[in-house]
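Please open the model in a viewer and keep the sequence panel visible. The tour below proposes one selection after another and states what is found at each.

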Amino acid sequence: MSYQFDFSFLADKWPAFVDGALLTIRLTVVSILLGFALGTACAVARVYGHPLLRRLVGAYVEVIRNTPLLVQIFIVYFGIATIGLKLDAETSAVIALVINVGAYTTEIMRAGIESIPRTQIEAADCLGLRRLQVILHIVLLPAMERVYPALSSQFVLLMLASSITSQISAEELTAIANVVQSDTYRSFEVYIVVAIVYLLLSLLYRVGFWLVGLALFVRRRRLGTAL
Amino acid sequence: MTQFNSFHLLYLVEAARWTILLSLIAFAGGAVLGMVLALGRVSQWRAARALAVGYIQLVQGTPLLILLFLAYFGLGIVGAKLEPVVAAGLALTLYSGAFLGEIWRGCIQSVPRTQWEASDCLGLDRLQQYVWVILPQAARIAVPPTVGFMVQIVKNTSLASIIGFIELARAGQIVNNSTFQPFLVFVCVAAIYFVLCYPLSVASRHLERKLHVAR
């Protein structure tokens, strides 16, 4: 094997990689925030909603969790265009990612909500809290604290999966890599560099979620005990 | 321009066979690798543990798509020109090995300590302990999450379409290129994936309930 590794393309291509990584961050942070909101709303509906609504949410979760993200992205990007609504690649990517991560969040948050003891809710009722107050303060925050590790690793997986949106020409990190490798023919090196960038990104996200967890869960920060 | 018809649907269903084949390759390869990694993770040797942790962190921190590109384009340039099916099988094996390794590590560790101690007292050596006491119990715990992970494998084979392997997702793109009815075509593709994955999801949940009761 006489292959010479050559990373010299980095000298003038590195800004492109930075741009790509920034777009990946932007796409996924927006998708995570919206997807979390969607998933939490669906989880509440799944547990407390009208029976019909519960079935509907259940069907949404099953359909999304049992089909590939790639196909979901194609349906959103190419499919919605045929109805006459022309969306650009990035908007389509965000919509697909939100729908996707929303379904996983629903399942994770549902498990968290169901782990809250009935007595907590009864106690809150006795204290005269309104329905919405009970759901927000007594159910959702402790539920989220319980499932936070599962939730944050699901979000890291979403960040990695966002590489698939390169297939509908969203100009994120993987798409940049594809462009650079067809410019330089240095595919092995390019994908090694991008793999390292993704590794750093997942490290960054994990640290970020840890900090968010510290800020969000005051009880845990003060007491340092598991719920 | 042709309309989407039953021949197209048949073509998609036939392409699904390649999805199944690729899933089986990935699962078989991933199972072997995952077993090695799981045993490495719980090994007494620090070096084996570090190696297994390092590999798992590396693969779980990288998108599968990048692994696929590395296997297909990367190895191609180094000199080993791989067929798409081989590159996809390799990348999916490396990927599912890391996840299965981590799942099975949890299963091995969830076998109660007392089982290790009891088998120590009976004078079994390390290999005998694994083969006769620990792994059979770990395997029982491992069945539901493993079946659940198979859903991930089936869905992830769709990425092989990107390096040109004609499985279900790629077949969908081909049909779409000739009919130009993307919504209909990809909903059909999604439906076929659903038919493949949903029974596995249901089986995983069912097994979890069943084995949990037995414990």
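Select chain A: of its 227 residues, 48% count as buried, where buried means under 20% relative accessible area, exposed over 50% and partly exposed in between, with a 1.4 Å probe and protein chains only. This is a predicted model, in which local features need pLDDT of at least 70 and side-chain atom pairs count only at pLDDT 80 or more, while totals for chains, interfaces and linings use all residues. Residues are numbered from 1 along each chain as its sequence is written, chains are lettered from A and ligands numbered from 1 in the order in which they are written, and side-chain values use heavy atoms, with hydrogens and water left out.

Colour chain A by secondary structure: nine helices and zero strands appear. Helices (H or I, at least four residues) and strands (E, at least two) are DSSP runs, numbered from the N terminus. The C-alpha trace of chain A spans about 75 × 50 × 30 Å along its principal axes.

Next, select residues 51-65 of chain A, which form helix α2. Its end C-alpha atoms are 21 Å apart, in agreement with the 21 Å expected for 15 residues at 1.5 Å a residue; the expected span is 1.5 Å times one less than the number of residues. Within α2(A), the buried residues are Val57(A), Gly58(A), Val61(A), Glu62(A) and Ile64(A).

Move to chain B and select helices α4 (residues 84-109) and α6 (residues 126-156). They pack at an angle of about 140 degrees, with their axes 8 Å apart. Axes are lines fitted to C-alpha atoms, for helices over the stretch in contact, and angles run from 0 to 180 degrees between N-to-C directions. α4(B) and α6(B) are therefore oblique to each other, because angles under 35 degrees count as roughly parallel, over 145 as roughly antiparallel, 65 to 115 as roughly perpendicular and the rest as oblique. Among the residues that meet here are Phe99(B) in α4(B) and Phe149(B) in α6(B).

Now add helix α2 (residues 46-60) of chain B, which packs with α4(B) at about 120 degrees, the axes being 9 Å apart. α2(B) is thus oblique to α4(B).

Finally, select Arg105(B) in α4(B). Is Arg105(B) buried or exposed? Arg105(B) is buried, with a relative accessible area of 18%. Leaving aside neighbours within four places in sequence, Arg105(B) is in contact (heavy atoms within 4.5 Å) with Ala38(B), Arg41(B) and Val42(B).
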